[in-house]
Amino acid sequence: MPANGNLPLKLQFGLINHEGRYLTAESFGFKVNASAPSLKKKQVWTLEQDSKDSHVVYLRSHLGRYLASDKDGKVSCEADSHISECRFLIVAQSDGRWALQSEPHLRFFGGSRDYLSCFAQFISDTELWAMHLALHPQANLRSVARKRYVRLSTEDGEVAVDMNIPWGVAALLTLVYLDGKYGLKTCDSRFLSNDGKLLTQSGRGTAYTLEFKVGKLAFKDCEGKYLSPMGPTGTLRSGRCSKPGKDELFDLEESHPQVVLTAANARYVSIRQGVSLAANQDDETDMETFQMEFEKESKKCTFRSSQGNYWALVAHGGIQSTATEVSADTMFSVEWLGHKVALKASNGKYVCTKKNGQLLAVSDSVGEDELLSIKLINRPMLILRGQNGFICHHKNSNTLDASRSIYDIFTLQYSNGAYQIKGVTGQYWYVNSSLVVCSDGEVPEDFSIELLERGRLAIRGKNGKYLRGDPGGLLKGDGLTLNNSVLWEY
């Protein structure tokens, strides 16, 4: 497992045919067609590799069933296991599109609308599919060969592959999809060009075709060469290879939230003074930044330092950043209280800040000394995806749409425990009197952000209600309870 404690993200994507329509798995009758104009839940497919032959893949639908083809080319999506008729080979084309070949029958899959088959002996335009990643587009990128993470090096004006743990906002990359290709956007909103330079505008040199090899990703540029780390710092640019080897392969990994905590004494929680946690610093460095990693089942959370160690409960309620593995003593419950939080350790006691700044889990209830502010530092560019799609500006009004297959990038600002969200026009989000979220505010309005579970957060307006996507796709500020409609991937 990588140093970040992450497994690579499962590759999920949509497949677009020659008519610009997405391969869709219908909920009834396990039928497939290519009729949908955009990427929603029914158009998401997960790539699974065969355990014995890495060239063989299985395509799993959102229903957990697998695409299959019989000897006569009839296509179905009903199989619930890796049977032989579900075995496909990906034949990548020079333009980045895929042909899907049935491994047992050697015929190619294609067609349009309801007329899909896997009977073509040769590849024509009808048998070619473009791949549109369905993952949340913000992630960390790890070089397979160097076992290091990609980061923006502002001092050198380049993207370097030299981090042991993806730390701070510099390690966040955004994959921007445009006309079947992808751009790599750094946290300061610049695009990586194939010559290694960082550009403010996307163009031919910043567009890459994604290729899969043994479950890993390769980025092919407009000249047919691949991105790879070069030289001692691992400067990321296109090399001379026109076939991807180990040096050209990368894993996409989930980017965990990294936070700075301010205690009741208005000072930052830190490990600068040693392994014991204390709120005694006035500036933010890596020593005051911690990564929150949520356990899926319990929703409890660990806090990890930039050295890779976890906070752990020790004798007499002390908390030290010494644990190298996750255990019951490294788990904390986070209680969200408006713009503040309280942390409960595994001994059932709340963490409090003592007069000398030391953090101890010794309190039975929450008072002033048990309150902390949490500032999210590695999402200055915010992309939110809910159960029905991404949040995006509405074309013809000041409202926001929460069910789009494309996304807008919003700016997240922080002050005094509260967040303000700014759109591409430089105007702010606010909740109007009809409880609709609008995006044309001239003055910033405060929201609170609650990091509730792995990869998902909730946002509360100043009325105390959660932002939710309503069934019609509108973003509203009227959510009363925590359910899927108020949770957002970020």
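Colleague: In which strand of the protein is confidence lowest, and in which is it highest?

Modeller: Confidence is expressed as pLDDT, the predictor's own score for each residue from 0 to 100. Strand 20 (residues 209–213) has the lowest mean, at 83, and strand 34 (residues 350–353) the highest, at 98. For the protein, the mean pLDDT is 92, with 98% of residues reaching 70 or more. The model is predicted: local features need pLDDT of at least 70, side-chain atom pairs count only at pLDDT 80 or more, and totals for chains, interfaces and linings use all residues. Residues are numbered from 1 along each chain as its sequence is written, and side-chain values use heavy atoms, without hydrogens or water.

Colleague: How many helices and strands does the protein have?

Modeller: Both are DSSP runs numbered from the N terminus (helices H or I, at least four residues; strands E, at least two). The protein has 49 strands and zero helices. Its C-alpha trace spans about 75 × 55 × 45 Å along the principal axes.

Colleague: In which sense do strand 43 and strand 44 pair?

Modeller: Pairing requires at least two DSSP bridges between the strands. Strand 43 (residues 428–431) and strand 44 (residues 437–441) have three, in the antiparallel sense. Tyr430 has Cys438 of strand 44 as its bridge partner. Five residues lie between the strands of this hairpin, where Leu435 adopts a positive phi near 65 degrees.

Colleague: Where is the largest cavity, in terms of the residues that line it?

Modeller: Rolling a probe the size of a water molecule over the atoms reveals where space is left empty. On a 1 Å grid over the protein atoms alone, a 1.4 Å probe fits in a cavity but cannot get out; a pocket is an open set with protein on both sides within 12 Å along at least five of seven lines, and lining residues have an atom within 4 Å of a point. Points are joined across faces, edges and corners, and volume is the space filled by probe spheres set on them.

Here the whole structure holds five cavities of 30 Å³ or more, and the largest has a volume of about 80 Å³. Its lining includes Trp336, His339, Ser373, Tyr419 and Leu451. Strand 36 (373–376) and strand 45 (448–453) are the elements giving two or more residues to that lining; strand 45 gives the most, with three.

Colleague: What lines the second largest pocket?

Modeller: This pocket holds about 400 Å³ of space. Of its 15 lining residues, His55, Ile90, Phe212, Lys213 and Val214 are closest to the centre. Strand 4 (45–49), strand 8 (88–92) and strand 20 each supply at least two lining residues.
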